[in-house]
Amino acid sequence: MNYHDFRFAGAALRALGSGALWWPDEDLLCVSDLHFGKSERVARRSGQHLPPYETRDTLLRLSADLEATRARRVICLGDSFDDLTAATSLTEEEQLWIATLQAGREWVWIEGNHDPGPQGFGGTHLAEFVTGPLTFRHIAAPHGTGEVSGHYHPKAHVQTRGRRVTRPAFLCDAQRLILPAYGTYTGGLRSYSDTLCRLMQPGALAILTGPVPTCVPMPRQEMTR
Amino acid sequence: MQALPPAFTDWFASKGWTVHPHQSEMLKRADDPALLLIAPTGGGKTLAGFLPTLVDLANLPHEGLHTLYISPLKALAADIKRNLTTPVTEMGLPVRIEDRTGDTPASRKKRQRADPPHILLTTPESLALLTSYEDAPRMFRGLKRVVVDEIHALAESKRGDQLMLALGRLQRLCPDLRRVGLSATVEDPQAIARMLAKHPDLCAVLLADPGPAPDITMLTTKEAPPWSGGNAAYSIPAVLEQIRAHNTTLVFHNTRAQAEIFFHNLWLANEEGLPIGIHHGSLDRQQRERVEAAMVRGELRAIVCTGSLDLGIDWGDVDLVIQIGAPKNVKRLVQRIGRANHRYNAPSKALLVPANRFEVVECVAALDAVREGALDGEPKGRGPRDVLCQHILITACAGPFDATALYVEVSTVGAYKDLSRAEFDACLDFCATGGYALRAYDQWQRLMQTADGLWQLRDPRSAQKIRMNIGTIQDTDTLKVRLQRSRGGKPLGEVEEGFAATLSPGDTFLIGGQIVRYEGLREMTVEVSRNAAKKPKVATFLGTKFATSTQLSARVVAMFQQETWPGLPAHTAAWLSLQREVSQLPRPGRLLIESFPHDGREQTAIYGFAGRNGQQTLGLLLTKRMEELGLNPLGFVATDYATLIWGLDRLTDPAPLFELDALREGLDTWLAGNAVMKRTFRASATIAGLIQRNTPQARKTGRQATFSSDILYDTLLKYDPDHLLLDITREEALRGLVDFGRIEEMAERVAGRIDHKILTRVSPLAAPMLLEMGRVPVKGAAEERLLAEEAARLMQTSGLAMLTPPPSDKPKWRVGY
């Protein structure tokens, strides 16, 4: 497993190449925006038949991260389900899989805008969760500090010699840490968008996910050299 | 057979015209179920196609739609309307003629469905849309004839397949429908005839007098063409001289970027201010229309253009066609020249202008082929199934349908005659349920079977979305270019999103013949300012790139073998001699490979002469193997005759890379992960209705409304590798972008005989490739290495490396766990 170590609000954290956040001292793994059941919701709402395999793909990657880290605590940072109906329409196999992952672990579902209520799975359902110096919530609050959130699906790019590399990314400044979307069928918001530029302080960093997580100053303009 | 009524003979006489033999032949065979006319432009081809219709309408009053005319270009439909209205008005015939394209106002479109004209002029896409309406049977009731113009152009793309499926539908609605095809000269008229006719009907081919042979020569200039490059700037004085000596000259280019650069250089040299315009598909529509109008009024002495001017539009008095750059394909050259010149029975006059010395060889080889009348072409494959999927959805929009009846109807289309019922059913299942091994969408099927076994849309509202996505033309994502502080002003044109992403503020590029400076991106519009710089950074917006045909490639290699080259200009002969001296020339039956350092990279040129697509595939296969061998390839570029690969490490032993069995054996797995397959998948998935086209609205927000189709491709490959769309993607890629047939042909030709030259610098023959556009990146280990380097540099420069992340803060990783 590849990772990038960094310190945020006094906590020693590890950004995994998969897009998960690992807090070794607390045995805690945090993933955001899983969007389970997305293809079902798309079919239900627009009639488009996307390949219905994104839930198992997301679960496969989550299983690998859980196995590698042996996490005892898991926080799903909201938008874990594409909507509350999608939660109930997962296949039996997928539901069982989630239950298996939950077994023996402290599991927290943070509510997101897509899944603003309990969805029938075990674990604790919370609007936000505070532990040690960190506050976990789905959408960054106006004056959050030590805050870990998701929601925006940030992406960042690096212009290398003759090639532009764009990937989902963690964004981090002194106050906030925003996680990339973990789900397989998720688009992204570019780090240079007005929203993310306003949200993140000067000096913010972006950690690109991928085979080798890579830390760069957060790109604030579309074009960099 | 119908005789020509007096009104017609009088009209012909009043014009001082006689009826051409092929025109009366068309009239004589008016009752043939299908008929193909091959005639040069300017020979009254269109009138020949319409004569049976006009005579029929003059003799008998007709209620509703009588004849449908299909052309590949909207502009052509408008043009034909004008040309047809003249005789109809002058003869006082009771015939209503209207056109219908994407540009027709909605109110008129609505009225046309309720009260169709006698003759409707339209495009394949507009026709497909018409067949999707529930009232299609009423609108097409009584339809007697359909005329497909420029059918050879449609035959080369999926637009033709879509059109023929639509004609199959019309034929079922109107069993007595007669089909007429109008075509330029082609190498295999029977193939076009089989495409046109309802299978298994026969289709006669009428050959009109082709007129005198074209007068084509290569332009000779005082100055030699450059060693490399594609802009032909050296020829500007000579081309200007030709423009001066003729009334109207069309200056064709193979790509839009080349047209832009040439036009720019032409203007710099155009001291007397000759009126010269530019016309290509990336320019804003208003700009194009202005140029077209000026051309029709005879105000322009020359137009610098691309294939967007390629079809038989009436451009008035064109007396010279100049082709800049090698023609790539002899047939296309002959057609382009024949069509641009509209004076029947006068020889078309054309000049070839090679852009560099390699193209001199290609031009001479092409001239030889023209002289021998040796047209080239590749046989067309069977009907693509992504187009069939779209056809099934279009059918469903029009109302409930019976699967067997539809299968029978589709089997009457030549390209689909061999489609098995199982294949058809798989397409139907894909449309209905997505066709996944995991039957996830039983509840949300797109198509449902009714109690009586008919198929229909589950949700009738989905018809609108299907209609919005009709068509098989793939747009690349483009961004509008505007002058800064003129929002609301006219855009200058469009560039590809990928090109825009490479620009930094201050960069200059050419568009619409002027140099502009990139200022920034605002709401998905490229903002620029005017700039007087002399040398622009080139715009790489796509032009059509054709592969040099097998025949033409073979002619070029054969020419290389001569002791001396008396048929070539001295400068080119000297260049080939130099290549022979510092390296060697490619030989028939052997494969030449050159390795040399350049630009801080290790470069390898492979002269396979397999055509652009074949060489591109070779690039994909070879870089994959080089990646496995740890040679860190970074990317490659393909031309018609060679592939150039660059990377961090040098290739020392090429032989193991070229074993055909190994190439073929691994093809499937190798192809699976590459960019060409993903591009092909995206096109097929869009046509088949799995993904919807990006709307400009969605892109404006900066948020990816949908995630990339690459993710869908990867997911399918991982969990449902036998899915229909992957099967279609493989089939499409193998015959289109992949063109593996040409690689096999090359491998058999070469049979392991490789000449590997290790040089200290770029060879004369390899130099042109360093300037080629369309570089394909390889996303392998080298990318991680570059990313790490650049990240370290950015952190250092910004000072953030000192600040964060404490305590043990260097980025670090290890592999495996």
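# A guided tour of chains A and B

Searching the whole structure turns up eight cavities of 30 Å³ or more. This is a predicted model, so treat the tour as a walk through a prediction.

**Stop 1: the largest cavity**

Let us begin inside. The largest cavity has a volume of about 110 Å³. To find it, select R446(B), K465(B), I466(B), N469(B) and G689(B), which are the closest to its centre among the 14 residues that line it. Now colour three helices of chain B: α16, α19 (462–468) and α25 (675–688) each supply at least two residues of this lining. Which helix gives the most to the lining of the largest cavity? The answer is α19(B), with three residues.

**Stop 2: a serine in α25**

Stay with helix α25 of chain B and pick out S684(B), which has its place there. Is S684(B) buried or exposed? Its relative accessibility is 1%, so S684(B) counts as buried, the cut-off for buried being under 20%. Show its surroundings next: leaving out residues up to four places away in sequence, S684(B) touches K158(B), D386(B), L725(B), I728(B) and E732(B).

**Stop 3: the nonpolar cores**

Next, select L68(B), L127(B), F140(B), I392(B), F424(B), L447(B) and F681(B). These residues have the most contacts inside the largest nonpolar core, which has 84 residues. Helix α16(B), already coloured for the cavity lining, provides the largest share of this core, seven residues.

Zoom in on L127(B). Setting aside neighbours within four places in sequence, its contacts are L68(B), I70(B), T122(B), F140(B), L163(B), A166(B), L167(B) and L170(B). Apart from this core lies another, of 56 residues. To see part of that other core, select A365(B), L592(B), F596(B) and L770(B), which are among its members.

**Stop 4: two helices with a buried side**

Move to helix α17 of chain B, residues 403–410. Which of its residues are buried? They are A403(B), L406(B), Y407(B), E409(B) and V410(B). Look down the axis of α17(B): these buried residues fall within an arc of 160°, so they line one face of the helix. Now bring in their packing partners in chain B, namely α9 (158–173), α16 (385–398), α18 (421–433) and β15 (455–457). Helix α16 thus appears once again, this time packed against the buried residues of α17(B).

For a second example, select helix α21 of chain B, residues 550–560. Here L552(B), S553(B), V556(B), V557(B), M559(B) and F560(B) are buried. Because they cover an arc of only 160° around the axis, they sit on the same side of α21(B).

**Stop 5: the chains as wholes**

Finally, zoom out and show one chain at a time. Chain B has 817 residues, and buried residues make up 55% of them. Switch to a cartoon view to look for its 31 helices and 26 strands. Among contacts in chain B between residues at least 6 apart in sequence, 73% join residues at least 24 apart. A surface view of chain B shows about 33,400 Å² exposed, with carbon and sulfur atoms supplying 53%.

Then turn to chain A, where 67% of the 225 residues are buried. How many helices and strands are there in chain A? There are five helices and 16 strands. Of the contacts in chain A with a separation of 6 or more, 65% come from residues 24 or more positions apart. The accessible surface of chain A is about 7,700 Å², and 51% of that belongs to carbon and sulfur atoms.

Technical notes. Residues numbered from 1 in each chain as written. Chains lettered and ligands numbered in written order. Predicted model: local features only at pLDDT ≥ 70, side-chain atom pairs only at ≥ 80, totals over all residues. Heavy atoms only, no water. Buried < 20%, exposed > 50% of the residue type's maximum accessible area, 1.4 Å probe, protein only. Helix = DSSP H or I, 4+ residues; strand = E, 2+ residues; numbered from the N terminus. Arc of directions from axis to C-beta. Contact = heavy atoms within 4.5 Å. Areas by Shrake-Rupley, 256 points an atom, 1.4 Å probe, with all protein chains shown as cover. Core = buried A, V, L, I, M, F, W, Y, C linked by side-chain atoms within 4.5 Å. 1 Å grid on protein atoms, 1.4 Å probe; cavity = no way out; pocket = protein on both sides within 12 Å on 5 of 7 lines; lining within 4 Å. Points joined across faces, edges and corners; volume = space filled by probe spheres on them.
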